[in-house]
Amino acid sequence: QIGFSPTVAGYQTGTLTFTDSKSVQYAVPLAGYAPAVAVSAYLDPTTLAFPGQVLTTFSISQTVSLNNTSDLPMTVGTLTGTNTIVGTTTTGAFSINGTQGGYDGCSGIIVAARSKCPIYVTLAPTVAGSATGSIVFPVTYGKATKAQFTLSLSGAGLAVKNLAELSPAAITFQDQAVGAQPSYGADATQVINLYNTGNLPFTVG
């Protein structure tokens, strides 16, 4: 049995020669064609912008896909990043860690040709002010060609505001006889509302 395992693209030729017991040789010409292999991938999207997020909380996640548009499967290495909780990094304003609502579905994954892998990114700020970061996807196509793709991140951390107010702040009732029941009108029961004007929920005791 003869196999064809090309290492370069294009037409390949060769000869297989047999020699019998009388030293007579028989040549068999060989030929084959190896089409060029397309290797490509892309991130969708390539940037994420988060609205302001209150410190000590994390945002709703946003999804990014690494798409393999090549003819070969590709292996994704361990994702790394800047200012991002990813892999062995435990600090950062952004996160793909499950405890902050994120998800890493790409690190160490073999992505089939014409397929993709997802990650979910959240903003989990620890300091107030603008924040930027990135996530790098290292890729190997087949067993040789390497590439990397970078996702850019931006957002802002918002300082905690613990505020509330009553509305109205004061109530004045009309004169009312002792023992009389409130009636409809100016002397009726009045309502006070407690509003949360901060940016975090609170519990009323």
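**Figure 1. The disulfide between C106 and C117 in the predicted model.** The link of C106 and C117 is right-handed, with 110 degrees about the S-S bond. C106 lies in the loop between β11 (103-104) and β12 (110-111) and C117 in strand β13 (residues 116-123), so the disulfide ties together parts that are 11 residues apart in sequence. The sulfur atoms of C106 and C117 are 2.1 Å apart. A disulfide is a covalent bond between the sulfur atoms of two cysteines. By the distance rule used here, the count comes to 1 disulfide.

**Figure 2. Surroundings of the two cysteines, C106 and C117.** Are these residues buried or exposed? C106 has a relative accessibility of 0% and counts as buried. C117 has a relative accessible area of 3%; because the cut-off for buried is under 20%, C117 is buried as well. Both ends of the disulfide are thus described: C106 in a loop and C117 in a strand.

**Figure 3. G14 in strand β1 and its contacts.** Strand β1 covers residues 10-19, and G14 has its place there. Which residues does G14 touch, leaving aside its neighbours within four places in sequence? G14 is in contact with V28, P29 and L30. For one of these residues, P29, the C-alpha atom is separated from that of G14 by 6.0 Å. Along the chain, G14 and P29 are 15 residues apart. G14 is partly exposed, with a relative accessible area of 27%.

**Figure 4. The whole chain, shown for context with the close-up views.** The secondary structure comes to 0 helices and 17 strands. The radius of gyration of the chain is 33 Å, well over the 17 Å that the globule rule gives for 205 residues, so the chain is more spread out than a compact globule. Along its principal axes the C-alpha trace spans about 135 × 35 × 25 Å. Among contacts with a separation of 6 or more, 64% are between residues 24 or more positions apart.

**Figure 5. Surface and charges of the chain.** How much of the chain counts as buried? Of its 205 residues, 27% do. The chain exposes about 13200 Å², and carbon and sulfur atoms supply 56% of this area. The chain has 6 positive and 7 negative charges, and the mean positions of the two groups are 29 Å apart.

Conventions
Residues numbered from 1 in each chain as written. Predicted model: local features only at pLDDT ≥ 70, side-chain atom pairs only at ≥ 80, totals over all residues. Heavy atoms only, no water. Helix = DSSP H or I, 4+ residues; strand = E, 2+ residues; numbered from the N terminus. Rg over C-alpha atoms; globule rule 2.2 N^0.38 Å. Buried < 20%, exposed > 50% of the residue type's maximum accessible area, 1.4 Å probe, protein only. Contact = heavy atoms within 4.5 Å. Areas by Shrake-Rupley, 256 points an atom, 1.4 Å probe, with all protein chains shown as cover. Lys, Arg positive; Asp, Glu negative; His and termini not counted. Charge placed at Lys NZ, Arg CZ, Asp CG, Glu CD. Disulfide = S-S within 2.5 Å.
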